[in-house]
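Student: Please choose one part of this model and take me through it closely, beginning at the surface and then following the chain into its surroundings. I would like the reasoning spelled out wherever a cut-off decides how something is classed.

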Amino acid sequence: STAAMLVTAAAFPLAVQSFNAGDKAQAVAQIALNGSLLTGILAPAAAGIFLINEPLVKWLVAEPFWAVTIAVLPLALLSGMLRNLRVHFADQVFLLHERTGWAVTITVMEAVATVIGCVAGVYFGGTVGAVAGAMAAHGVMTAFGFYLAVALLGLRIRWGDMVRIALATAAMSAG
């Protein structure tokens, strides 16, 4: 979350500046670039924490909580990464186009879906199931947010950047 906020605070004003100058295409292109920067921060950070999950947990968490923390941390990481991508990437297109109602609606829908997912998850899988339910809710709402941003407001994902980030993250992880 902190990394996502730092990227957003640094890069979103550039998109707003272009938008206010009348260059809406450049503003949306800046959001796409910001999304690549955000992904370039989040993906390796999440992969790194995932890879050191067990030693990290054993270093930072009291022993009675090791097993559950080791089980839920990867799901929680993915959940947080998905949510931050939506909030600090797709939702920025809504803000830029003054469609704040869309962002609020998606956030409310996500909250409801998260509660439902957590309750169902607890019922079917205990604590790990609850976290998986939250992750599923965040995944679905992230996909929905990006669908709206791309289909209705012209966001173009920089897929070349995303592939390079994925390859670099995989190489880092392998190392």
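Tutor: A surface patch, as the word is used here, is built from residues that have over 30% relative accessible area and no salt bridge, and nonpolar side chains are joined into one patch when they come within 5 Å. The model is a predicted one, and the part I have chosen in it is a nonpolar patch on the surface formed by Phe 50, Leu 51, Ile 52 and Met 172, which together offer about 380 Å² of accessible area.

Two members of this patch can be placed and classed in detail. Leu 51 belongs to helix 2, while Ile 52 sits in the loop between helix 2 and helix 3, the latter running over 53-60. Leu 51 has 48% relative accessibility and counts as partly exposed, and Ile 52, at 43%, is also classed as partly exposed. Both qualify on accessibility because the patch rule asks for over 30%, although neither counts as exposed, because that word is kept for values over 50%. To give Leu 51 a position relative to a remote part of the chain, its C-alpha lies 29 Å from that of Ala 113, a residue 62 positions away in sequence.

The setting of the patch is an all-helical chain, with six helices and zero strands. Its C-alpha atoms fill a box of roughly 55 × 40 × 25 Å along the principal axes, and 38% of its 175 residues count as buried.

Beyond the loop that holds Ile 52, helix 3 contains a salt bridge between the side chains of Lys 58 and Glu 54, with 2.9 Å from N to O. These two residues are four apart in helix 3, so about one helical turn separates them. Both ends are partly exposed, Lys 58 with a relative accessible area of 37% and Glu 54 at 41%. Those values are over the 30% that the patch rule requires, yet neither residue can join a patch, because the rule also excludes any residue that has a salt bridge.

Going back along the chain from the patch, helix 2 also contributes to the lining of two pockets. The largest pocket holds about 410 Å³ of space, and four elements give two or more residues to its lining: helix 2 (24-51), helix 4 (66-96), helix 5 (100-153) and helix 6 (159-174). Of the 18 lining residues, Thr 39, Ala 43, Met 81, Leu 85 and Met 162 lie nearest the centre. Helix 4 supplies the largest share of that lining, with six residues, and by character the lining divides into 17 nonpolar residues, one polar and no charged.

The second largest pocket has a volume of about 180 Å³, and here it is helix 2 that gives the most to the lining, with five residues. Helix 4 is the other helix named as supplying at least two. Among the lining residues are Ile 41, Leu 42, Ala 45, Ala 46 and Ile 49, together with Leu 77, Gly 80 and Met 81. Eight of the lining residues are nonpolar and three polar, with no charged residue. Met 81 therefore deserves attention if you inspect the two pockets side by side, because it has an atom within 4 Å of a point of each, as the definition of a lining residue demands.

Charged side chains, absent from both linings, are paired elsewhere in helices 4 and 6. Arg 83 and Glu 110 form a salt bridge of 2.7 Å, N to O; Arg 83 is in helix 4 and Glu 110 in helix 5, so this pair ties together parts that are 27 residues apart in sequence. Its two ends differ in cover, since Arg 83 is partly exposed at 30%, whereas Glu 110 is buried at 2%. Both residues are linked with Arg 86 and Asp 91 in a network of salt bridges.

In helix 6, Arg 164 and Asp 161 meet at 2.5 Å, N to O, and they stand three residues apart, about one turn of the helix. Arg 164, at 52%, counts as exposed, while Asp 161, at 15%, counts as buried. The chain has six salt bridges by this rule, whereas the patch where we began, made of Phe 50, Leu 51, Ile 52 and Met 172, is nonpolar.

Terms used
Residues are numbered from 1 along each chain as its sequence is written. This is a predicted model: local features need pLDDT of at least 70, side-chain atom pairs count only at pLDDT 80 or more; totals for chains, interfaces and linings use all residues. Side-chain values use heavy atoms; hydrogens and water are left out. On a 1 Å grid over the protein atoms alone, a cavity is a set of points where a 1.4 Å probe fits but cannot get out, and a pocket is an open set with protein on both sides within 12 Å along at least five of seven lines; lining residues have an atom within 4 Å of a point. Grid points are joined across faces, edges and corners, and a volume is the space filled by probe spheres set on the points. Ala, Val, Leu, Ile, Met, Phe, Trp, Tyr, Cys and Pro count as nonpolar, Asp, Glu, Lys and Arg as charged, and the others, Gly among them, as polar. Patches are made of residues with over 30% relative accessible area and no salt bridge: like charges are joined within 9 Å, nonpolar side chains (Val, Leu, Ile, Met, Phe, Trp, Tyr) within 5 Å. Accessible areas come from the Shrake-Rupley method with a 1.4 Å probe; for residues, only the protein chains shown count as cover. A salt bridge is a side-chain nitrogen of Lys or Arg within 4 Å of a carboxyl oxygen of Asp or Glu. Buried means under 20% relative accessible area, exposed over 50%, partly exposed in between (1.4 Å probe, protein chains only).
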